[in-house]
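Colleague: I have just opened this entry and would love a friendly tour. Could you take a few questions from a beginner?

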Amino acid sequence: MLWDLPAPPLFPIVLSLKVAGLATAVALVAGLAVARWQMRRQSFFSKVMDALCTLPMILPPTVLGYYLILLIGRRGVFGKWLHESGIDIIFTWQGAVIASTVVVFPLIYKSARAALESVDPRYEDAARTLGASEAKVFFVITLPLAWRGIMAGSMLAFARGMGEFGATLMVAGNIPGKTQTLALAIYDAFQAGDDPLAISLVLLTSAICLSILVAADSFLSARMGKGPRRKRKKTAPPAPSASPALAGPASPADAAPAAGQGGQA
Amino acid sequence: MIKVHVKKKLRGRHGNFVLGADFESSARHLVLFGSSGSGKTLTLSAIAGLVRPDEGHISIDGDVLFDSQEKIFRPARTRHIGYLLQDYALFPHLSALGNVGFALSGPFGRLSGEARRQSLALLERFEVAHLADRLPGEMSGGQRQRVALARALAANPKILLLDEPFSALDPLLRIRMRKEIRSVLDELDIPVVIITHDPDDVEAFADMLVVYSQGRTRQCLDYQPYRLRGVRASDVLVPLVQEVESQALAGA
C-alpha cells in the first residue's frame with residue numbers, strides 16, 4: 001500500500017529541483033533574447049534559425065548528449081580548453097544543468113516567441129512615437145504584455161527539466177549523491193529490483209510534474225481571458241503562493257493577480 | 001509647413017497596394033479624407049516613422065524626416081510626433097497615469113516625482129485626474145480618448161496626428177468629444193493632421209482638405225473659404241468624391 005512505501009531519498013529530489021530550476025532560468029534568459037531577435041522576422045535565415053532552435057525538442061536526447069560531449073567533453077572543442085584551466089563539466093551536476101538547459105530551451109523559445117508576437121504591434125508603435133528606445137519598448141510594453149505566456153512556457157520547461165534523463169545521463173552520468181537526479185534514481189531502483197523505492201519516486205515525480213502542468217494551464221487560461229484582469233496595486237490581495245511548482249491545482253482566478261503583479265515588475 | 005511626397009508598395013494576399021501620397025500644407029488643421037483602405041493610415045504611419053516609404057520625401061517645417069535620395073530615415077522615437085492611433089492603443093497593462101507618464105518615464109518605465117506631477121497635471125487638464133489609477137479596460141470610450149490625447153501631448157510633440165479620432169465613439173459622445181477636442185486643439189499651438197471619412201469631422205476641423213482614393217491623393221483644396229461661407233461639408237464632399245472616383249477609375 002501507499003503508506004508502506006519507503007520515504008524517497010532527499011538528494012535526488014533536491015538535485016532535480018536545483019537542476020531544473022537553474023536550467024529553466026538560463027534557458028529563459030537565452031530563449032527570451034533569441035525570441036526577441038526572431039520576433040516577426042520572415043527571412044529564410046530566420047526560418048533556419050527557428051528550426052535550429054527547435055531541433056533539441058525533436059532530436060533524441062542521446063544525440064544532444066553526444067553533441068554536448070563533443071563540445072564540453074574532456075577532449076571536446078571547448079572542454080579541452082576548460083580542462084586545461086582545471087574545469088571539468090562532464091560528470092558534475094553543472095553538466096546536468098547544461099544538458100537540461102539545451103533540452104528545455106526550445107520549449108521556452110517557442111512559447112516566448114509566440115507570446116511576444118501575440119502582443120498587438122500597435123502598442124509598440126505607440127510607444128515608439130512617444131520617444132521610447134527599442135529596449136524600453138521591449139521591457140516596459142512587450143514583455144509585461146507577453147509575460148503570462150512566457151511564464152507558462154517556463155513552467156512547462158521546468159517540468160520537462162525535472163524529467164530529463166537521456167542527455168543528463170550522457171553528460172553528467174549517474175553518480176548517486178553527486179549527479180543522480182530523480183529520473184536516474186528511478187532507473188537505478190528499477191534495475192536493482194527495488195520496486196517500492198521506484199514506485200515512491202515515480203509517484204513523487206508524477207505529482208510534481210502534474211502540479212506544474214496545472215499551474216501552467218491556469219496561467220494560460222487567465223491569459224486567454226478578456227482583457228487584462230490585473231487588480232490595481234492598492235486592492236490586489238497578496239499572491240497566493242510563492243512557488244508555482246508547489247502551488248497545486250490553482251484556479252485561474254487565483255493565478256491572475258499573481259501573474260499581473262509579476263507582469264508589472 | 002508639412003511636405004509629404006511618398007510612394008510605398010505593399011504586397012498583400014489580395015494583390016498589391018500602392019500608396020502615392022503628394023501634398024504640402026501649412027494649414028493648422030489638415031484633414032485627410034477618404035474611404036477606408038485608401039491609404040490614409042499608411043500615410044500617417046510614414047509621417048510618424050513607423051513605416052519606411054520606398055521613395056520620396058517627408059519634412060515638417062524644413063526638418064527632413066525622410067528622404068530616399070539623401071538616404072535619410074529618422075526613427076520614430078526621434079521625430080517628436082504625437083500620434084493618436086485609431087482606437088487609441090492605450091497600453092492595457094498600465095494605468096492612466098502610467099500611460100500618460102510613459103513618454104516622461106525612465107528607460108525601465110520608472111516615473112520620477114517631477115514626471116509624475118507633470119502627468120497628473122495633464123490628466124487634470126483633460127478632467128480625468130480621478131481615473132489616474134484605472135486601467136484602460138476600466139474606462140469609457142470618451143475617457144480613453146482623453147487619456148490617449150494626454151499621453152500624446154506629454155511627449156511635447158511638434159505636430160499631432162489623429163487617426164479617425166471619433167470613430168470608436170457612439171454618435172452622441174462623438175458630437176461632444178468633437179467640440180471638446182476642437183477647443184483643446186485651439187488652445188494648443190501645434191499643427192494637426194486628422195484622418196476621417198466623416199463629413200462632420202471635415203466641417204469641424206478642416207482648414208485644408210486632401211482627398212484620397214485607392215491609395216492616391218487626388219485633390220488638395222483650401223477648405224477655409226467653404227467654412228467662411230458656411231457651406232455644409234456634405235455639399236462640398238459629395239460632388240468632390242464623385243469627381244475623384246471617376247478620376248481614379250479613368251487613371252487606374
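Colleague: What radius of gyration does chain B have, and why does it agree with a compact globule?
Modeller: The radius is taken over C-alpha atoms, and the globule rule is 2.2 Å times the number of residues to the power 0.38. For 252 residues a compact globule would come out near 18 Å, so the value for chain B agrees: 19 Å.

Colleague: Can I trust every part equally, and how are things numbered?
Modeller: This is a predicted model, where local features need pLDDT of at least 70 and side-chain atom pairs count only at pLDDT 80 or more, while totals for chains, interfaces and linings use all residues. Side-chain values use heavy atoms, without hydrogens and water, residues are numbered from 1 along each chain, and chains are lettered from A and ligands numbered from 1 as written.

Colleague: What share of the residues of chain B count as buried?
Modeller: Buried means under 20% relative accessible area (1.4 Å probe, protein chains only). Of the 252 residues in chain B, the share is 50%.

Colleague: How much area is buried between chain B and chain A?
Modeller: Contact means heavy atoms within 4.5 Å, and here chain B brings 29 residues and chain A 21 residues. Buried area is the accessible area (1.4 Å probe) that two parts lose on being put together, summed over both. Carbon and sulfur atoms give 66% of the total, which is about 2400 Å².

Colleague: Which residues in chain B lose the most area to chain A?
Modeller: Three residues together make up 28% of what that side buries. They are B:Arg77, B:His93 and B:Phe102.
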